[in-house]
Amino acid sequence: MSATALFVDSAMIESQLAAARQAIATRENISRVVLTACGGSYAVMQPIEYFFGTRAKNLEAAALNAAEFTSRSSSRVDGDTLVILCSHSGNTPETVAAAKHARERGALTVAFTFDPASPLAEAAEHVVAYQHGEGKSEAHVGPALILRLVAGILDDREQAGVAAAIDDAVAQLPTLVPALRESHAVGADEWGYASRREPLIYTVASGSNFGTAYSFAICLLQEMQWVHSAAIHAGEYFHGPFEITEEDVPFIALLGLDETRLVEQRAVDFLTAHSKRVLVIDAEDFGLDTVASEVRGIFAHLLFNIVLRAYADALADHRGHPLSVRRYMWRMEY
C-alpha cells in the first residue's frame with residue numbers, strides 16, 4: 001500500500017487523539033511513562049522526555065530504544081505504566097515487540113504510526129495514525145501529535161497549564177513551516193554545495209533539541225548520505241569531544257529556546273572561535289513571536305526538524321545521492 005492510500009483525514013486523527021487522551025485520563029493510577037521507539041522515531045521521543053523532565057513533579061518518564069525496553073523487562077513496567085510508542089511504517093519489529101511486551105505487563109499502550117492497519121497499530125490498545133506524504137498537514141504529523149498528547153497529560157496530571165498553548169502553536173505549523181523553508185533555502189543550498197565532499201560532519205545540541213541533532217546524525221547523515229557523523233551533547237562537548245575541534249572540521253550547532261540555551265551557547269562560542277566550518281542554526285530566527293513564550297522552547301524542536309531536513313535535501317542534491325538510497329536497509333535480512 002502506498003502512503004497516499006493510507007492517508008488519514010484530520011477529523012479521524014483528532015478523534016483518535018481524543019480517545020487516547022480519555023483512556024489515559026481514566027487510568028488514574030499511572031505514575032510513570034515510557035517513551036519507546038527506534039531510530040528517527042526514538043529521536044522524536046527524546047524531546048518529549050525533556051518536556052516531562054521540566055514540567056512534571058510526580059510522573060516519571062524515560063525514553064528508551066525499543067529493543068532495550070523489551071530486553072530490560074523492567075519490573076517497573078506494570079499497570080501503573082503508560083507506554084507511548086512510535087514507528088513511522090508501523091512495521092519496526094522491535095517496536096511491535098515492545099508494544100506486546102508492555103501489554104503483557106499490564107501497561108496502557110498508545111502507538112503513533114502513519115499506517116492504521118500496521119502491526120504496531122494492531123499490537124497497541126490505542127493508535128493515532130498521523131499524516132505522511134504529499135498533501136499532509138504539518139499540524140498532523142507524528143512529532144506534533146505526540147507533543148500535543150503529552151501536553152494534555154501534563155495538564156491532567158500535573159496541572160501544567162500548557163496544552164492550550166501547545167495546541168495553538170501546533171495549529172500554526174502550516175503557516176510557519178513554508179516560511180521557514182523559504183528563509184533557509186539559500187543557506188541550505190550554499191551549505192550543501194560547500195559540504196558535498198565532506199566525509200564527516202558533527203552535530204551539537206542539548207535539551208529538547210538533542211533528539212533532533214541525534215536524528216540528523218544517525219538518520220539523515222549516516223543512514224541516508226553515508227556520511228560519518230556523531231551527535232555531541234553540548235554539555236558533554238567540553239568533557240572530551242572539543243579536542244577534535246580544528247579549523248577545518250565541520251559542525252552544525254543548534255541554538256534553541258529552552259532552559260539549556262546557555263549550555264548550547266557555550267559550545268557555539270568555542271566552536272566558532274576554533275573552527276571555520278561551523279553552521280549555527282538559531283531558533284531565535286524562526287519567527288516564533290506568535291507562539292506562547294511558556295512553550296516556545298519545547299515547540300522549537302519541531303522546527304529544527306524541518307530546517308535540518310532542508311539542509312539534508314540540499315546536501316543530497318549536491319552529492320548526487322538521493323536520501324532514499326540504502327546499502328542494507330530494506331534490502332537484506334539483518
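This is a short talk on the sheet, the nonpolar cores and the salt bridges of one structure, which is a predicted model.

I will start with the sheet. Four strands make it up, and the sheet is open, with the strand order 7-6-8-9 and parallel pairing. In general terms, the strands of a sheet pair through backbone hydrogen bonds, in either a parallel or an antiparallel way. Here the edges are strand 7, residues 228–233, and strand 9, residues 278–282, each of which pairs on one side only. On average, neighbouring strands in this sheet are turned by 15 degrees against each other, with direction ignored.

Take one pairing in detail. Strand 6, residues 200–205, runs parallel to strand 7, and the two pair over six bridges. If you want a place to look on the screen, find tyrosine 202, whose bridge partner in strand 7 is alanine 230.

What packs on this sheet? Helix 10, residues 261–274, does, touching strand 6, strand 8 (251–255) and strand 9. The direction of helix 10 makes about 150 degrees with that of strand 8. Helix 11 also packs on the sheet, with contacts to strand 6, strand 8 and strand 9. For helix 11, the direction makes about 145 degrees with that of strand 9.

Next, the cores. The largest nonpolar core holds 84 residues. Phe52, Ile84, Phe112, Ile281 and Phe299 have the most contacts inside it. Which element gives the largest share of this core? That is helix 11, residues 293–319, with 15 residues. As for phenylalanine 299, leaving out residues up to four places away in sequence, its contacts are Leu147, Ala169, Val170, Leu173, Leu176, Leu288 and Val291. There is also a second, separate core of 17 residues, with Val77, Val83, Ala98 and Ala123 among them.

Now the salt bridges. The count is twelve. I will go through three pairs.

The first is arginine 72 with glutamate 68, where the closest N and O atoms are 2.6 Å apart. Both residues sit in helix 3, residues 66–72, and they are four residues apart, about one turn of the helix. Glutamate 68 is partly exposed, at a relative accessible area of 35%.

The second is arginine 181 with glutamate 138, at 3.3 Å from N to O. This pair links distant parts of the chain, 43 residues apart. Arginine 181 belongs to helix 8, residues 173–194, while glutamate 138 is in the loop between strand 5 (126–129) and helix 6 (142–158). Are the two partners buried or partly exposed? Arginine 181 has 40% relative accessibility, so it counts as partly exposed. Glutamate 138 has a relative accessible area of 12%, and because the cut-off for buried is under 20%, it counts as buried.

The third takes us back to helix 11. Aspartate 313 forms a salt bridge with arginine 309, and the closest N and O atoms are 3.3 Å apart. The two are separated by about one helical turn because they are four residues apart in helix 11. Aspartate 313 is partly exposed at 36% relative accessibility, and arginine 309 is partly exposed at 38%.

One last item on charges: Glu14, Arg21, Arg148 and Asp167 are joined into one network by salt bridges that share partners.

To close, helix 11 is the element to keep in view. Helix 11 packs on the sheet, gives the largest share of the largest nonpolar core, and carries the pair of aspartate 313 and arginine 309.

Notes. Residues are numbered from 1 along each chain as its sequence is written. This is a predicted model: local features need pLDDT of at least 70, side-chain atom pairs count only at pLDDT 80 or more; totals for chains, interfaces and linings use all residues. Side-chain values use heavy atoms; hydrogens and water are left out. A nonpolar core is a set of buried Ala, Val, Leu, Ile, Met, Phe, Trp, Tyr and Cys residues joined through side-chain atoms within 4.5 Å. Buried means under 20% relative accessible area, exposed over 50%, partly exposed in between (1.4 Å probe, protein chains only). Contact means heavy atoms within 4.5 Å. Two strands pair if DSSP finds at least two bridges between them. Axes are lines fitted to C-alpha atoms, for helices over the stretch in contact, and angles run from 0 to 180 degrees between N-to-C directions. A salt bridge is a side-chain nitrogen of Lys or Arg within 4 Å of a carboxyl oxygen of Asp or Glu.
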